[in-house]
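User: I am in my first year and new to reading structures. Please take me through one part of this protein closely, the spaces left inside it, and then show me how the rest fits around that.

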Amino acid sequence: MSPRHQTLLSMVLPLALAACGAMPPTSTSSTQGALPVTVEKTKQAIVGDWTSIAPEVRPSAQKTPDGALKPFYLRREFKALPDDRFELVIANSADPYGKVPLAKILIKGRMHWKGEHPIAPGAQKVDFMADEAYEVTPLLQGFADVLNQIAAQGYAKWEVGQTQSVFGKSFAPFGLTAGKNFMEYDLVYMSHGLLFWGARNVDGRGFDTEQNRPTNLQIPLARR
């Protein structure tokens, strides 16, 4: 999802924790690949439950000693709800096959539609605002230990499997500031029954400004 997640997880293992991806508009015909061509049709098309088709890899903002970007691995579960609401679960792992769980993030909020995106006909610029919930669950002892060192103030002791809300609070590991909602400038595109968001910038930059909004497509989500 963002460099703020990546920075912390890169301290625990050679990978980072990332938030949001991007979504695409759904095709009205999965066999012919027809696309929604208006914002309203796109909004209707994406409603439902979506999931990663396989573990995914992202470039983080952190580098190895030889200068290469460190990877991080995740799976996404996304739920598009009426009234532009969404729920997103990101499950990070310490390995590319998703066999060693690292952490889980739950984000709830709203999608703000900002107009057409030039990547493909029917693609839309969408800002994802976490204005309802933001929760973190460490799933690896090393990650919990790091949280207890750098994110102890204002929280109970971080323990494996125990969820804590960081919503509306300062949370240094992810760069969250009290009273300010997390947001990403992303995109949504749908084709052949698959939902695409924006691909992480190749240099590891997150989607934290309009200038950093993605310009390509991420591996898609499939209906669950």
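Analyst: Start at the outside. This is a predicted model, and its chain has an accessible surface of about 9900 Å². Carbon and sulfur atoms hold 52% of that surface. Now look inward. The chain has 224 residues, and 49% of them are buried.

Next, the empty space. Rolling a probe the size of a water molecule over the atoms shows where empty space is left. With a threshold of 30 Å³ or more, the count is one cavity. The volume of the largest cavity is about 60 Å³.

Which residues line the largest cavity? Ala130, Tyr134, Val166, Phe167, Gly168 and Lys169 are part of the lining. Leu176, Thr177, Lys180, Asn181 and Phe182 are in the lining too. Sort them by class, and you get six nonpolar, three polar and two charged residues.

Keep Tyr134 in mind. Tyr134 lines the cavity, and it is also among the residues with the most contacts inside the largest nonpolar core. The others named for that are Phe78, Met111 and Phe171. This core has 36 residues. Several elements give two or more residues to it: helices H2 (39–46) and H3 (141–150), and strands S3 (69–80), S4 (85–93), S5 (101–116), S6 (124–138) and S8 (182–191). S5 gives the most, with six residues. Apart from this core lies another one, of five residues. Ala123, Leu187, Tyr189 and Phe196 are among them.

How are the elements ordered along the chain? There are three helices and ten strands. From the N terminus on, they run α-α-β-β-β-β-β-β-α-β-β-β-β. Contacts also link distant parts of the sequence. Take the contacts with a separation of 6 or more: 60% of them join residues 24 or more positions apart.

Here is a place to see that. Val39 sits in helix H2. Lys114 is 75 residues away from Val39 in sequence, yet their C-alpha atoms are 9.5 Å apart in space. Leave aside the neighbours within four places in sequence, and Val39 is in contact with Trp113 and Gln124.

Is Val39 buried or exposed, or in between? Val39 counts as partly exposed because its relative accessibility is 27%. Now follow the contact to Gln124, in strand S6. Gln124 has a relative accessibility of 2%, so it counts as buried. Its contacts, again without neighbours within four places, include Thr38, Val39, Thr42 and Trp113. Gly115, Glu116 and His117 are on the list as well. So are Asp186, Leu187 and Val188. Leu187 is a name you have met: it belongs to the core of five residues.

Finish with two loop residues. Asp83 lies in the loop between S3 and S4. Its phi is near 65°, a positive value in a residue other than glycine. Asp83 counts as exposed because its relative accessibility is 65%. His192 lies in the loop between S8 and strand S9 (194–196). His192 is not a glycine either, and its phi is positive, about 55°. With a relative accessible area of 46%, His192 is partly exposed.

How values were computed:
Residues numbered from 1 in each chain as written. Predicted model: local features only at pLDDT ≥ 70, side-chain atom pairs only at ≥ 80, totals over all residues. Heavy atoms only, no water. Core = buried A, V, L, I, M, F, W, Y, C linked by side-chain atoms within 4.5 Å. Buried < 20%, exposed > 50% of the residue type's maximum accessible area, 1.4 Å probe, protein only. Helix = DSSP H or I, 4+ residues; strand = E, 2+ residues; numbered from the N terminus. Contact = heavy atoms within 4.5 Å. Areas by Shrake-Rupley, 256 points an atom, 1.4 Å probe, with all protein chains shown as cover. 1 Å grid on protein atoms, 1.4 Å probe; cavity = no way out; pocket = protein on both sides within 12 Å on 5 of 7 lines; lining within 4 Å. Points joined across faces, edges and corners; volume = space filled by probe spheres on them. Nonpolar A, V, L, I, M, F, W, Y, C, P; charged D, E, K, R; others polar.
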